[in-house]
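I opened this notebook to follow the charged side chains and to see which of them pair up. My entries follow in the order in which I looked.

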Amino acid sequence: MMTATGQAKPGSRKTRVKICGLRDAATIRTMDGLPIDEVGFVFAKSRRQVTPALAGELIAEVRALRNRDGCIPRTAGVFVDPTMDELRAALALAPLDVVQLHGDESPQFCLDVKQAFGIDVWKVLSVTERDAVDPSTDGPDRLEPYRGSVDAFLIDTAGGGTGRTFAWHVIDRYMAAAAGLPLYVAGGLHPDNVEELLSRHAPDGVDVSSGVETDGLKDSTKIRLFAERVQGL
């Protein structure tokens, strides 16, 4: 299913592909025609951090793209415990489709962001080592309070941006806890392991950043390989 702007809605294809941490227009242009659904920009402190002004320029480049379905990839911004004023200032220059919240944001804050800016909100939760070894842990239960406040969940290795995978066997528990909301998986994914992940589990989407880089820079060949392997192309 597509929106009126020609963008695919989350969950409309078996496994969606999000490429995160883009910082230059040249790499974005090489993504035209690939099966990529979301392009992410990091506003939080990081070596991949972009300013709102640069993100605005890069969003314009993304909106010139069409993915393999003929849709415009959606744009997501990564924030950690932002204030409403910080989000307002960022969105004034960078008209994102999604605000992706990686900190300790409450369900009420997520709902406030949705209502204030009319934007999709994704909540990111870290999978802990305890989740992996203790099936009785309440890790997936953390999703429940956010139902009704967010549009999707993303689970990542604790610490975020580590380039390390977590114990994938917990994914199904988190998918069950998401109860119909899209669930994306991040953490240590790359072109050579994403097919293994998808052979075992069926998340709504996968999110990659360092796994499609070479020497700290986005690698267009790795981006293409990752996206095509997710889709079995």
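**Salt bridges looked up**

I began with Asp151 and Lys114, whose side chains meet in a salt bridge, with 3.0 Å from N to O; the model I am reading is a predicted one. Asp151 lies in the loop between α5 (129-133) and β6 (152-157) and Lys114 in helix α4 (residues 107-117), so this pair ties together parts that are 37 residues apart in sequence. I then checked their exposure: Asp151 counts as partly exposed at 23% relative accessibility, and Lys114 also counts as partly exposed, at 22%.

Next I turned to Arg16, which forms a salt bridge with Asp37, where the closest N and O atoms are 3.6 Å apart. Because Arg16 sits in strand β1 (residues 16-19) and Asp37 in the loop between α1 (25-29) and β2 (38-42), the pair ties together parts that are 21 residues apart in sequence. Buried or exposed, I asked of Arg16? I found Arg16 buried, at 0% relative accessibility, and Asp37 is buried with a relative accessible area of 3%.

My third entry concerns Glu213 and Arg48, a salt bridge in which the closest N and O atoms are 2.7 Å apart. Glu213 belongs to strand β9 (residues 213-214), while Arg48 is in the loop between β2 and α2 (52-62), so the pair ties together parts that are 165 residues apart in sequence. Both Glu213 and Arg48 are buried, and I noted that a network of salt bridges links them with Arg47 and Lys218.

Last, I wrote down the total, which is 16 salt bridges in the structure.

Note on methods
Residues are numbered from 1 along each chain as its sequence is written. This is a predicted model: local features need pLDDT of at least 70, side-chain atom pairs count only at pLDDT 80 or more; totals for chains, interfaces and linings use all residues. Side-chain values use heavy atoms; hydrogens and water are left out. A salt bridge is a side-chain nitrogen of Lys or Arg within 4 Å of a carboxyl oxygen of Asp or Glu. Helices (H or I, at least four residues) and strands (E, at least two) are DSSP runs, numbered from the N terminus. Buried means under 20% relative accessible area, exposed over 50%, partly exposed in between (1.4 Å probe, protein chains only).
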